[in-house]
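Please open the model in your viewer, with the sequence panel beside it, and follow the stops below in order. Each stop says what to select and what is found there.

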Amino acid sequence: KMTQQMRDLQLAQARKPPGPSSPNAAKRLYRNLSGKFRVNYTSFDEGSLVGRGEKEKLRKSYLFQSNAALFEAVELQDLDRVQEMLKHYSPEELDLNTPNSEGLLPLDIAIMTNNAPIARALLQAGAKESPHFVSLESRSLHLSTLVREAEQRVNELMAQVVNEAPNADCSEKEKQLKAWEWRFRLYKRMKAGFEHARVPDAPSSVHLSVASSSSLQVTFWEPLSVNSAVVTKYKVEWSCSPTFSPLLGEAVIDKLKDLHFTIQGLVSGTAYHIRVSAYNMKGWGPPQASTPPFAIPSNWREYDGRAPRRRGQAEALDHLLGQVKTVHQHCICHEPCKNQPQSRKHSVSKSLKHLFHPGSKFLKTLKRGLYLTAIFYKDDNILVTHEDQIPVVEIDDTYSCLLMQDFLWLTKVSCMWDEILWLRQCVTVSQSSCSCILQTRFKMLLAISQMQGLLGIQDLGQVFFEPIKDKQGNILIVTLKEVKTNQTFESVRWVPICKLQTSRKSVSSPEEPTALDTLLISLQDKLAYHQRSSHALSAGLYLGYLKLCSAVDQIRVLVPEQLPNILCHVKIRSNPNVSREEWEWLQKMASVEEPVPTEPEADRSQNPLFQELQVAIKELMTLVNIPLQEAKDFRLYSQEVLDFGDQVSFLLLLPPSDDVCTAPGQNNPYTPRSGFLTLPLQIFELGEER
């Protein structure tokens, strides 16, 4: 390849006595610039090298080779090779923004040869244009110099090849001549590309939306015509005047992976006009005004001055818990509380070596009763006892019917694993009433303490949403916790899940498996549920569907299997904020009891939220298998927007009042497709909080 030949020739010439060379202004200028732009690289393995000098030598060699290889791929217009290098190496490893000896960057070559695919790939990787080209004149002069010097070098080598007799030196000169002829053609093509290019057209579309009470979000798209030169940056300008005089601010965007920008620090209730311009090597193109032409920073809460629902709730709960603890510390039967720090310290100091102690009280088989098991997993491995059994402890051997309220109480206790000893002492005080419920819950706390002590771990994880029952009268409550890879424990026995499932000898028949056998059979499903229940939604505004069904002792809510901690939903848009104007429109629609928008209407075609809701409702109805005509009787929840942090918000779609909750024995005419499950409402609330 030509550039490889040139490098070989340059290395060969370096061994020869220095001779006269043609002046090269770019080389002299960028000899100093390269040192300033070069980025230190230390990501490759240097552990086997001895001596700082040898390390530095290898580092420079690596940088030179990767940088030269990238220049070669760009010059030869090898898109696949460029994409491969950008995928496997960082910009620092490729020395992406360090000029070569000609004062050019890879992006300069791509845009001046009008190679749009390579230029876009480089831009998304963070490539920049050469800082030397501060004006059109400087770029034109630089290209003319490169063309002139390359032409001069070609003429010199051609004369030498013609006048010299055939020998080894002549063959070497012919190679140099071919390389310089190729480079001469490259520079002429770059110069021609620059001369024929014009400034880009305006961005094809600019969308403006309200991001918060003090910010606006601008989203824009590439110009329809870039006029023979790739766009390398955009400029966003804003003003309170439609003439943009005076201009309040501007921002230049040169990271083009995502074409959007959020303008911060604006005044709530003030109208701002926005426009966006595109830039290529010939300069800035005409601006494109936004749609809508202006926007007012606001939030739906400003409609009635409502404070955030959860503001101060966590602090209030902590304060309330502290007050309860203070009251209970003065109880006579709570004198052991004074020794709690020492007892807890002793418990925490225990390690997982107790899994292998012959005297541990883990159970291998279940009798008729209530039990607790803790599943700790890492990748495809599961934590087991010294007998290769899943850790199981007994709660109550006389309790054959688990009340749902006791189970739901235990799920709330899982939010306070570190407070189990204190909770035990509180329940002990209350046992004077001989309440059967309190006795059961006290035994649950004892079993939790036993599990924590035997494992040496306080946090037992998340309670699975339903216990496992068998026909032998066993009830198994399951907790699940993923052990992160950076956690280390001593004397831990990790067993592959598949090995545990195949090696366990079942004592039950396939028709009537025990609770432990059922747990092993469904273990992957439970681990998958646990992992999915911790997934978070991407930023945006969502439309959720609230559907409940009731039983004798509980209310359950319909959720998707892939995200069981969230209602059935579809995404409306990426901007989570609902502006005051949008909320006013929703309130107006709710006050006149209009049906939800499922069909387009001419007078509302200019309302972006109306159009977005139309699309979202159709998609949601298809998802939950409800005919679209039935949605006309549905309504949007108009009391509030459900905010989950700053990045996710929900609008709720509700069925008719009589159909929000399906009563026991009542048939649901529209059964959702596969991929859904129903959770107890309290479990869902805990999962949403997590």
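Select Pro 246 to begin: this residue is found in the loop between β3 (233-239) and β4 (249-253), where helices (H or I, at least four residues) and strands (E, at least two) are DSSP runs, numbered from the N terminus. The peptide bond that leads from Ser 245 into Pro 246 is cis, with omega near 5°. Go next to Pro 292, which lies in strand β8 (residues 288-295); the bond from Thr 291 to Pro 292 is also a cis peptide bond, with omega near -5°.

Before going further, keep in mind that this is a predicted model, in which local features need pLDDT of at least 70 and side-chain atom pairs count only at pLDDT 80 or more, while totals for chains, interfaces and linings use all residues. Residues are numbered from 1 along each chain as its sequence is written, and side-chain values use heavy atoms, with hydrogens and water left out.

Now zoom out to the whole protein chain, whose secondary structure comes to 20 helices and 24 strands. Of its 690 residues, 45% count as buried, a word that here means under 20% relative accessible area, with exposed meaning over 50% and partly exposed in between (1.4 Å probe, protein chains only). Among contacts (heavy atoms within 4.5 Å) between residues at least 6 apart in sequence, 73% join residues at least 24 apart.

Two aspartates are worth selecting for their backbone angles. Asp 379, in the loop between β9 (369-378) and β10 (381-383), has a positive phi of about 60° although it is not a glycine, and this residue counts as exposed because its relative accessibility is 54%. Asp 388, placed in the loop between β10 and β11 (392-396), likewise has a positive phi of about 60° without being a glycine; at 35% relative accessibility, Asp 388 counts as partly exposed.

Turn next to the salt bridges, each defined as a side-chain nitrogen of Lys or Arg within 4 Å of a carboxyl oxygen of Asp or Glu; by this rule the count comes to 19. Side chains of opposite charge can pair when their charged atoms come close. Select Lys 191 and Glu 195, whose side chains meet in a salt bridge at 2.5 Å, N to O. Both residues lie in helix α9 (residues 168-196), four residues apart, about one turn of the helix. An α-helix has 3.6 residues a turn, so residues three or four places apart point the same way. Lys 191 is partly exposed, with a relative accessible area of 22%, and Glu 195 is partly exposed at 45%.

Where do Arg 441 and Asp 406 lie, once you have selected them? Arg 441 forms a salt bridge with Asp 406, the closest N and O atoms being 3.1 Å apart. The pair links distant parts of the chain, with Arg 441 in helix α14 (residues 436-455) and Asp 406 in helix α12 (residues 404-413), 35 residues apart. Both Arg 441 and Asp 406 are buried. Stay on α12, which is mostly covered, with seven of its ten residues buried; among them are Met 404, Phe 407, Leu 410 and Val 413.

Another pair to display is Lys 484 and Glu 482, whose side chains meet in a salt bridge at 3.8 Å, N to O. Then highlight Arg 573, Glu 582 and Glu 612, which salt bridges that share partners join into one network.

For a polar stop, select Gln 462, which is found in strand β12 (residues 462-463) and is buried, with a relative accessible area of 12%. The side chain of Gln 462 makes a polar contact with the side chain of Ser 533 at 3.4 Å; such a contact is a pair of N or O atoms within 3.5 Å, where within protein one must be able to donate a hydrogen and the other to accept it, and residues adjacent in sequence count only if both atoms are side-chain atoms.

End the tour at Gly 645, in the loop between β21 (642-644) and β22 (648-654). This glycine counts as exposed because its relative accessibility is 53%. The C-alpha atoms of Gly 645 and Arg 310, which are 335 residues apart along the chain, are separated by 9.6 Å.
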